[in-house]
Amino acid sequence: MTFWTKPIPAPQLSTWLCEVAAFLQQLDPHAAMKRYDDWLEHDGLHFDRGAITFPELFSAIGSPRDLLAATPDDDRVCVGVADERGRWYLRFRLEWDDDGRELTGFFDVTLRHELADRFRTELDTRSLIVEPSAAYFARIQV
């Protein structure tokens with residue numbers, strides 16, 4: 001199951017990502033994770049950028065400034081973080097709007113079904129869009 005947002009203001013994105021990361025961390029605080037440059041919406045590619053820890057993830061999402069610094073410069077390229085056991089995949093991107101006045105971004109998190117139910121229970125997901133993962137990724141890939 002994939003939970004995702006339409007573009008939202010940077011402070012709201014940072015807050016949401018911290019809540020999602022806290023949920024993921026409680027599942028396994030020492031989970032082996034990988035970071036990716038996720039080009040799915042750009043040209044369909046996916047580049048492994050190496051290991052990442054939860055403290056490093058929180059450093060990348062803790063504020064709008066951190067999010068902007070973590071986001072690749074290429075258009076429509078997201079930061080991806082995955083649990084190496086395949087239980088979840090988190091993607092996010094923050095960028096300036098077309099006028100260059102506001103920072104907006106989005107995130108999506110894909111979870112196995114048993115985790116999706118727990119996610120719904122532990123976080124207020126009413127403002128998130130939810131759909132089957134296969135449908136979501138088929139729609140966003142080039």
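Select Phe 47 to start. Phe 47 has 32% relative accessibility, so it counts as partly exposed; the cut-offs for that class are 20% and 50%. The model on screen is a predicted one. Phe 47 belongs to strand β4. Now show what surrounds Phe 47: apart from neighbours within four places in sequence, its contacts are Arg 35, Tyr 36, Asp 37 and Trp 39. Pick Asp 37 from that group and check the spacing: Phe 47 and Asp 37 lie 10 residues apart in sequence, and their C-alpha atoms are 5.1 Å apart in space.

**Strand β3 and its two partners**

Next, select strand β3, residues 33–39. Which residue of β4 stands opposite Asp 37? It is Phe 47, the starting point of this tour. Strands β3 and β4 (residues 45–52) are antiparallel and are joined by 7 bridges.

Then add strand β5, residues 78–83. β5 also runs antiparallel to β3, with 6 bridges between them. Two pairs can be picked out here: Tyr 36 is opposite Gly 80 of β5, and Asp 37 is opposite Val 79 of β5. Colour β3 by accessibility: 5 of its 7 residues are buried, so the strand is largely enclosed by the rest of the structure.

**Strand β5**

Keep β5 selected. How many of the 6 residues of β5 are buried? The count is 6 of 6, so β5 is largely enclosed by the rest of the structure. In a regular strand, side chains alternate between the two faces of the sheet. Turn on the side chains to follow this in β5: Cys 78, Gly 80 and Ala 82 point one way, while Val 79, Val 81 and Asp 83 point the other way, and all are buried.

Now extend the selection to β6, residues 88–96. β5 and β6 run antiparallel and share 4 bridges. Look for Ala 82, whose bridge partner in β6 is Tyr 89. The hairpin of these two strands has 4 residues between them, and there Gly 86 has a positive phi near 75°.

Step back along the chain to Arg 76, in the loop between α3 (64–70) and β5. Arg 76 also has a positive phi, near 60°, in a residue other than glycine. Its relative accessibility is 47%, so Arg 76 counts as partly exposed.

**Helices α1 and α2**

Hide the strands and select α1 (10–27) and α2 (54–61). The two helices pack at about 170°, and their axes are 9 Å apart. An angle over 145 degrees counts as roughly antiparallel, and α1 and α2 are therefore roughly antiparallel to each other. On the α1 side, the contact uses Ser 14, Leu 17, Cys 18, Ala 21, Ala 22, Leu 24 and Gln 25. On the α2 side, it uses Phe 54, Leu 57, Phe 58 and Ile 61. Sorted by class, this contact has 9 nonpolar, 2 polar and no charged residues.

Zoom in on Phe 54 in α2. Is Phe 54 buried or exposed? With a relative accessible area of 2%, Phe 54 is buried. Leaving aside residues within four places in sequence, Phe 54 is in contact with Ala 21, Leu 24, Gln 25, Asp 28, Pro 29, Ala 31, Met 33 and Trp 88.

**The nonpolar cores**

Nonpolar side chains in soluble globular proteins tend to be buried together. In this model the largest nonpolar core has 34 residues, and Leu 90, Phe 107 and Leu 111 have the most contacts inside it. At least two residues each come from α1, α2, β5, β6, β7 (103–111) and α4 (113–122). α1 gives the most, with 9 residues.

Select Leu 111 to see part of this core close up. Not counting residues up to four places away in sequence, Leu 111 touches Met 1, Phe 3, Phe 23, Leu 24, Arg 87, Trp 88, Ala 116 and Phe 119. There is also a second, separate core of 8 residues, including Ala 82, Tyr 89, Tyr 136 and Ile 140.

**Last stop: His 113**

Finish at His 113 in helix α4. His 113 has a relative accessibility of 54%, so it counts as exposed. Add Thr 2 to the selection: His 113 and Thr 2 are 111 residues apart in sequence, and 9.5 Å apart in space from C-alpha to C-alpha.

Terms used
Residues numbered from 1 in each chain as written. Predicted model: local features only at pLDDT ≥ 70, side-chain atom pairs only at ≥ 80, totals over all residues. Heavy atoms only, no water. Buried < 20%, exposed > 50% of the residue type's maximum accessible area, 1.4 Å probe, protein only. Pairing = 2+ DSSP bridges. Core = buried A, V, L, I, M, F, W, Y, C linked by side-chain atoms within 4.5 Å. Contact = heavy atoms within 4.5 Å. Axes fitted to C-alpha atoms, helices over the stretch in contact; angles between N-to-C directions. Parallel < 35°, antiparallel > 145°, perpendicular 65-115°, else oblique. Nonpolar A, V, L, I, M, F, W, Y, C, P; charged D, E, K, R; others polar.
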